[in-house]
Amino acid sequence: VKLKNIIKTSLELLDFVVLQISKKDFDGFKKLFHRFLQVKGPSIDWAKISRPPEDSIQPYERIRAKGLPEDIAAALNRLVVVKLNGGLGTSMGCKGPKSLISVRNENTFLDLTVKQIEHLNKTYDTNVPLVLMNSFNTDEDTKKILQKYTHHRVQIHTFNQSRYPRINKESLLPIAKSMGADGEGEAWYPPGHGDIYARKEYIFVSNIDNLGATVDLFILQHLMSQPQDKRCEFIMEVTDKTRADVKGGTLIEYEERLRLLEIAQVPKAHVDEFKSVTKFKIFNTNNLWISLPAIKRVHDANALDLEIIVNPKTLDGGLNVIQLETAVGAAIKSFKNALGVNVPRSRFLPVKTTSDLLLVMSNLYSLDAGSLTMSKKREFPTTPHVKLGSSFTKVQEYLRRFENIPDMLELDHLTVSGDVTFGKNVSLKGTVIIIANHGDRIDIPAGAMLENKIVSGNLRILDH
């Protein structure tokens with residue numbers, strides 16, 4: 001009887017907790033949806049846009065030149081590392097959290113993150129905790145795997161993003177039939193990473209799939225060494241835009257404030273101008289350093305007016321829906337003495353596709369204490385441009401097509417299309433293009449060295 005009462009009380013408590021979470025999610029969605037209905041046209045008046053003042057985007061070299069204090073530990077002990085861990089690996093053909101995909105020497109994104117922070121804590125005898133912002137898609141699987149880090153020198157905490165219903169594009173009505181997600185998982189979505197601020201001094205926030213987003217001691221020192229009246233409350237790491245980054249958000253000055261401009265906010269007539277690498281030269285890496293007391297102040301004052309990003313999607317059944325999202329970087333306009341820091345490209349190393357995965361698995365990078373750095377053997381600092389075709393999209397298929405990862409130290413450009421496989425110890429240099437037309441297959445033989453070559457047609461290697 002006693003056990004039954006304990007179970008009954010526990011279930012009632014669980015129901016209450018679930019109800020409170022659902023109520024909070026509903027209130028958040030109601031506010032966001034109400035704002036969406038009120039907004040007419042783009043939230044940006046293009047005529048009011050101007051380039052940020054020169055001193056509002058500092059070169060990283062200037063910040064690095066200031067050096068480090070003797071007591072680095074004191075600064076690190078005031079830092080929390082937050083990783084955005086809400087995404088699934090579906091775009092790379094994987095089930096479950098993207099952070100659990102193996103990216104280097106059988107280490108996952110999460111393994112590498114834990115190793116980086118553990119290395120900091122051991123080196124400087126500090127206690128920098130790791131906080132994972134999960135979504136309802138990733139929370140359960142992530143929590144299961146956290147047991148493996150019990151004996152690592154890093155405290156790991158998790159919290160959940162909100163869960164909002166997707167909206168029918170035509171009727172503007174939620175497509176969810178009930179509060180439960182069972183059987184209708186497609187009806188719900190996590191609403192971007194802007195709602196990190198609803199949880200309650202400094203945090204370093206970054207995407208868990210950006211392998212360049214390590215704790216930078218020079219930026220941390222800059223953040224903490226400002227006079228009290230000029231305290232920088234928000235730093236956004238930006239880096240120089242290339243042709244591959246034309247859709248990335250950029251920093252602008254708007255109504256005398258530093259502001260993040262996303263492509264979704266740009267009027268159609270000005271999209272090409274936004275994509276220009278001459279007018280908008282930098283883009284947001286989503287590596288952010290923020291004062292926690294400032295977050296509390298802004299949140300308590302209800303002054304966090306994040307622009308709504310309308311993200312259109314088509315579900316598997318063909319239904320057109322929209323997701324109302326917010327972005328964590330959009331809050332820069334709400335903080336005092338906000339700053340952009342133009343960092344080296346090495347701090348932006350995202351893995352969104354198997355083409356990115358090939359780069360980070362190759363000998364272009366060295367792995368040390370969970371951090372990837374460009375190999376000293378590569379003569380130039382830029383990474384090769386790699387484009388793998390649809391036969392390589394899914395991670396399992398991609399891995400099957402490489403007996404091992406080719407030597408890419410001297411590679412500039414690689415395009416692979418069609419049914420192509422690579423034998424062991426292949427070396428790629430300069431520009432290499434390999435195209436197998438429909439019905440053809442190309443097997444690059446073991447030990448092959450391709451330098452400035454185009455390979456096409458049919459090349460089969462069969463077991464004797």
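In helix α4, the buried residues are Phe 109, Leu 110, Asp 111, Leu 112, Thr 113, Val 114, Gln 116, Ile 117, Glu 118, Leu 120 and Asn 121. Here a residue counts as buried when its relative accessible area is under 20%. The model is predicted.

Helix α4 covers residues 109–124, which is 16 residues. How far apart should its ends be? At 1.5 Å a residue, the helix should span 22 Å, because the expected span is 1.5 Å times one less than the number of residues. The end C-alpha atoms of α4 lie 23 Å apart, so the model agrees with the expected span. Just after this helix comes Asp 125, whose phi is positive, at about 50 degrees.

A second part to look at is an open sheet of three strands, in the order β1-β13-β14, with antiparallel pairing. Its edge strands, β1 and β14, each pair on one side only. The residue ranges are as follows.

| Strand | Residues |
|---|---|
| β1 | 49–50 |
| β13 | 250–254 |
| β14 | 257–261 |

What joins β1 to β13? Two bridges do, and these strands run antiparallel. In this pairing, Ile 49 stands opposite Tyr 254 of β13.

These elements belong to a protein whose secondary structure comes to ten helices and 26 strands. The protein has 464 residues, and 49% of them are buried. Its accessible surface comes to about 24200 Å². Carbon and sulfur atoms account for 52% of that surface.

Note on methods
Residues are numbered from 1 along each chain as its sequence is written. This is a predicted model: local features need pLDDT of at least 70, side-chain atom pairs count only at pLDDT 80 or more; totals for chains, interfaces and linings use all residues. Side-chain values use heavy atoms; hydrogens and water are left out. Helices (H or I, at least four residues) and strands (E, at least two) are DSSP runs, numbered from the N terminus. Buried means under 20% relative accessible area, exposed over 50%, partly exposed in between (1.4 Å probe, protein chains only). Accessible areas come from the Shrake-Rupley method with a 1.4 Å probe; for residues, only the protein chains shown count as cover. Two strands pair if DSSP finds at least two bridges between them.
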